[in-house]
Amino acid sequence: MEHWLEYLGLAGTAFLSATIFPFQSEVVLLGMLMAEHYQVGLLVLAASLGNILGSCVNWYLGRFIAHFEGRRWFPVTREQVAKAEKWYHRYGRWTLLLSWAPIIGDPLTIVAGVLREPFPVFLALVVVAKTARYLVVAALTLGWM
């Protein structure tokens, strides 16, 4: 497959942007779409898979992060965790459809792990949200919408 390293780079950028690192995979996707020598479907697939895997890492971290809650270096206070848990309980697992959103999306995937959201449900909702985001970016970039 031609350009496989570039597709892998996009997936890596998307993976990092789903974690706590400040990456913008949409900008990379946009640039690659504008280059017009990549397959659109493979670009969306690479970005989606990378971002979904990053969210899965967040879910996994959420499962075990509570063990470190009392430590001085822990970046989140108990009050912040309680607020996130209350919000998640109030609106439920469907909030994971917002996992694509900047600022709130990544913490939602961590909270889902903390609250022991079943992984198959988590994965299904995140796949829909993350893939839809990259499809919309591609559609807007290519003038399909």
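Contact here means heavy atoms within 4.5 Å, and in this predicted model that criterion, leaving aside neighbours within four places in sequence, puts Glu117 in contact with Trp59, Tyr88, Arg93, Leu96, Ala112 and Phe122. Glu117 is found in the loop between α5 (105-114) and α6, and the points below start from that residue before turning to the aromatic pairs, the salt bridges, helix α5, the surface patch and two loop residues with positive phi.

**Glu117 and its surroundings**

- With a relative accessible area of 6%, Glu117 falls under the 20% limit for a buried residue, and is therefore classed as buried.
- The side chain of Glu117 makes a polar contact with the side chain of Tyr88, at 2.8 Å, and Glu117 also forms a salt bridge with Arg93, in which the closest N and O atoms are 2.7 Å apart.
- Because Glu117 sits in the loop between α5 and α6 while Arg93 sits in the loop between α4 and α5, this salt bridge ties together parts that are 24 residues apart in sequence.
- The two partners of that bridge fall into separate exposure classes: Glu117 counts as buried at 6% relative accessibility, whereas Arg93 is partly exposed, with a relative accessible area of 35%.
- Trp59, another residue in contact with Glu117, lies 58 residues away along the chain, and the C-alpha atoms of the two residues are separated by 8.7 Å.

**Aromatic pairs**

- Five aromatic pairs are found when the whole structure is searched, and one of them joins Trp59 and Phe122, with 6.0 Å from centre to centre and 35° between the planes, an arrangement described as tilted.
- This pair links distant parts of the chain, since Trp59 belongs to helix α3 (residues 40-65) and Phe122 to helix α6 (residues 119-141), with their positions 63 residues apart in sequence.
- Trp59 and Phe122 are both buried, and ring pairs link these two residues with Phe119 into a cluster.
- Trp59 and Phe122 are also among the residues in contact with Glu117, so long as neighbours within four places in sequence are set aside and contact means heavy atoms within 4.5 Å.

**Salt bridges**

- The count of salt bridges comes to two, one of them being the pair of Arg133 and Glu26, whose closest N and O atoms are 2.9 Å apart.
- Arg133 lies in helix α6 and Glu26 in helix α2 (residues 25-35), so this bridge ties together parts that are 107 residues apart in sequence.
- Arg133 counts as buried, at 13% relative accessibility.

**Helix α5 and its cover**

- Which residues of α5 are buried? They are Gly105, Leu108, Thr109, Val111, Ala112 and Gly113, and what covers them includes α3, α4 and α6.
- Ala112, one of these buried residues of α5, is also in contact with Glu117.
- Just after α5 comes Arg116, which takes a positive phi of about 60°.

**Surface patch**

- Trp87, Tyr91, Leu98, Trp100, Ile103 and Ile104 make a nonpolar surface patch of about 620 Å².
- Tyr91 lies in helix α4 (residues 78-91) and is partly exposed, with a relative accessible area of 41%; that value is over the 30% that a patch residue needs, which is why Tyr91 meets the accessibility condition for the patch.
- Ile103, also one of the patch residues, is found in the loop between α4 and α5 and counts as exposed, at 79% relative accessibility.

**Loop residues with positive phi**

- Ile103 has a positive phi of about 70°, although it is not a glycine.
- Arg116 likewise has a positive phi, of about 60°, without being a glycine; its place is in the loop between α5 and α6, where Arg116 counts as partly exposed at 46% relative accessibility.

**Thr19**

- Is Thr19, placed in the loop between α1 (4-17) and α2, buried or exposed? Thr19 is buried, with a relative accessible area of 10%.
- The side chain of Thr19 reaches the backbone oxygen of Leu16 at 2.6 Å, and, leaving aside neighbours within four places in sequence, Thr19 is in contact with Gly54, Asn58 and Asp106.

Notes. Residues numbered from 1 in each chain as written. Predicted model: local features only at pLDDT ≥ 70, side-chain atom pairs only at ≥ 80, totals over all residues. Heavy atoms only, no water. Phe/Tyr/Trp six-rings, centres within 6.5 Å; stacked < 30°, edge-to-face > 60°. Helix = DSSP H or I, 4+ residues; strand = E, 2+ residues; numbered from the N terminus. Buried < 20%, exposed > 50% of the residue type's maximum accessible area, 1.4 Å probe, protein only. Patch = residues over 30% accessible without salt bridge, like charges linked within 9 Å, V, L, I, M, F, W, Y side chains within 5 Å. Areas by Shrake-Rupley, 256 points an atom, 1.4 Å probe, with all protein chains shown as cover. Salt bridge = Lys/Arg side-chain N within 4 Å of Asp/Glu carboxyl O. Polar contact = N/O pair within 3.5 Å; in protein donor to acceptor, adjacent residues only side chain to side chain.
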